[in-house]
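Reader: Hey, got a minute to walk me through this model? I'd like the fold before I get lost in the details.

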Amino acid sequence: MTKECSSGGCGPRAPLTAEQEQILLGHGTEYPGSSPLNGEKRQGTYHCAACGTLLFRSTAKYESGSGWPSFWAAEPEGVATRRDTSHGMVRQEVHCAECGGHLGHVFPDGPPPTGLRYCMNGLALDFRPEVPGKAASSSSVEQGGWCA
Ligand SMILES: [Zn+2]
């Protein structure tokens with residue numbers, strides 16, 4: 001799988017695969033343990049795979065042991081929830097606030113400080129690793145080094 005940022009920045013990647021559509025548009029659930037994002041430990045941000053909206057940050061990611069990428073906090077602007085009473089359960093469904101794509105569910109059994117567990121489908125997420133040095137624009141620029 002290749003994924004790269006063009007010179008115009010990181011836009012949404014398109015088109016979605018059939019599996020991604022099944023989750024984002026069809027409220028599907030990926031097979032537990034199937035997402036490579038389960039073991040993702042790098043610093044970075046998680047975006048909606050459909051529209052590119054910022055949803056989660058790596059700083060709120062933790063290992064829940066559920067088999068799905070889990071977070072204890074979401075970006076308030078990027079994520080919205082809705083009561084879901086399907087399958088005989090009452091759950092909080094989590095979706096992208098921008099495009100409405102289904103992401104997963106949130107449960108009240110997460111770690112502090114929020115006590116929440118955002119249980120996400122890795123296929124609905126687009127992980128963008130932090131580029132070292134890119135965020136340090138305000139720090140002192142190295143002096144010299146190459147031709148002036
Ligand atoms: Zn979206």
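Author: Sure, we can go through the sheets, the core and a few odd backbone spots. Keep in mind that this is a predicted model.

Reader: Cool. How many helices and strands does the chain have?

Author: There is 1 helix, along with 9 strands. Going along the sequence, the pattern reads α-β-β-β-β-β-β-β-β-β.

Reader: And which strands go into the open sheet of 6?

Author: Its order is S3-S4-S8-S7-S6-S5, and the pairing is antiparallel. S3 (61-62) and S5 are the edge strands, each with a single partner, so one side of each has no neighbour in the sheet.

Reader: What holds S5 and S6 together, in terms of bridges?

Author: S5 (residues 79-84) pairs with S6 (residues 91-96) over 6 bridges, in the antiparallel sense. One pair to look at is Asp 84, whose bridge partner in S6 is Arg 91. On the S7 side, S6 is joined by 4 bridges, again antiparallel. There, Val 94 stands opposite Gly 104 in S7.

Reader: OK, and the sheet of 3 strands, what's its order?

Author: That open sheet runs S2-S1-S9 with antiparallel pairing. S2 (54-57) and S9 (125-129) stand at the edges with a single partner strand each, so one side of each is left without a neighbour in the sheet. From one strand to the next, the twist averages 30°.

Reader: How many bridges join S1 to S9?

Author: 5 bridges join S1 (residues 44-48) to S9. Cys 48 is opposite Leu 125 in that pairing. S1 also pairs with S2, over 3 bridges in the antiparallel sense, and there Thr 45 faces Arg 57 in S2.

Reader: What does the turn between S1 and S2 look like?

Author: The two strands form a hairpin with 5 residues between them, and Gly 52 in the turn has a positive phi of about 85°.

Reader: Which residues other than glycine have a positive phi?

Author: His 87 and His 27 are among them. Phi of His 87 is about 60°, and His 87 sits in the hairpin of S5 and S6, with 6 residues between the strands. For His 27, phi is near 55°, and its place is the loop between H1 and S1.

Reader: Is His 87 buried or exposed? And His 27, while we're there?

Author: His 87 is exposed, because it has 7 other C-beta atoms within 10 Å and the cut-off for exposed is 12 or fewer. His 27 has 16 other C-beta atoms within 10 Å, so it counts as partly exposed.

Reader: Switching topics: where's the cis peptide bond at Pro 113?

Author: The bond from Pro 112 to Pro 113 is the cis one, with omega near 10°. Pro 113 lies in the loop between S7 and S8.

Reader: Which loop has Thr 114 in it, then?

Author: Thr 114 is in the loop between S7 (102-107) and S8 (117-120). Leaving out residues up to four places away in sequence, Thr 114 touches Trp 72 and Ala 73. The C-alpha atoms of Thr 114 and Ala 73 are separated by 6.9 Å, with the residues 41 apart along the chain.

Reader: Is Thr 114 buried, exposed or partly exposed?

Author: Partly exposed, because it has 15 other C-beta atoms within 10 Å.

Reader: Now the inside. Which residues touch the most other members of the largest nonpolar core?

Author: That core has 25 residues, and Ala 49, Leu 55, Tyr 118, Met 120, Ala 124 and Leu 125 touch the most other members. Helix H1 (18-24), S1, S2, S6, S7, S8 and S9 each give two or more residues to this core. S8 gives the most, with 3 residues.

Reader: Why would nonpolar side chains be buried together?

Author: As a general rule, that is the tendency for nonpolar side chains in soluble globular proteins.

Reader: Back to Leu 55, what does it touch?

Author: Not counting residues up to four places away in sequence, its contacts include Tyr 46, Cys 48, Val 79, Cys 96, Leu 103 and Leu 125.

Reader: Last one: what share of the chain counts as buried?

Author: Of its 148 residues, 28% count as buried. As for contacts with a separation of 6 or more, 56% are between residues 24 or more positions apart.

Definitions and conventions: Residues numbered from 1 in each chain as written. Predicted model: local features only at pLDDT ≥ 70, side-chain atom pairs only at ≥ 80, totals over all residues. Pairing = 2+ DSSP bridges. Axes fitted to C-alpha atoms, helices over the stretch in contact; angles between N-to-C directions. Buried ≥ 20, exposed ≤ 12 C-beta atoms within 10 Å, placed from the backbone. Contact = placed C-beta atoms within 7 Å. Core = buried A, V, L, I, M, F, W, Y, C linked by C-beta atoms within 7 Å.
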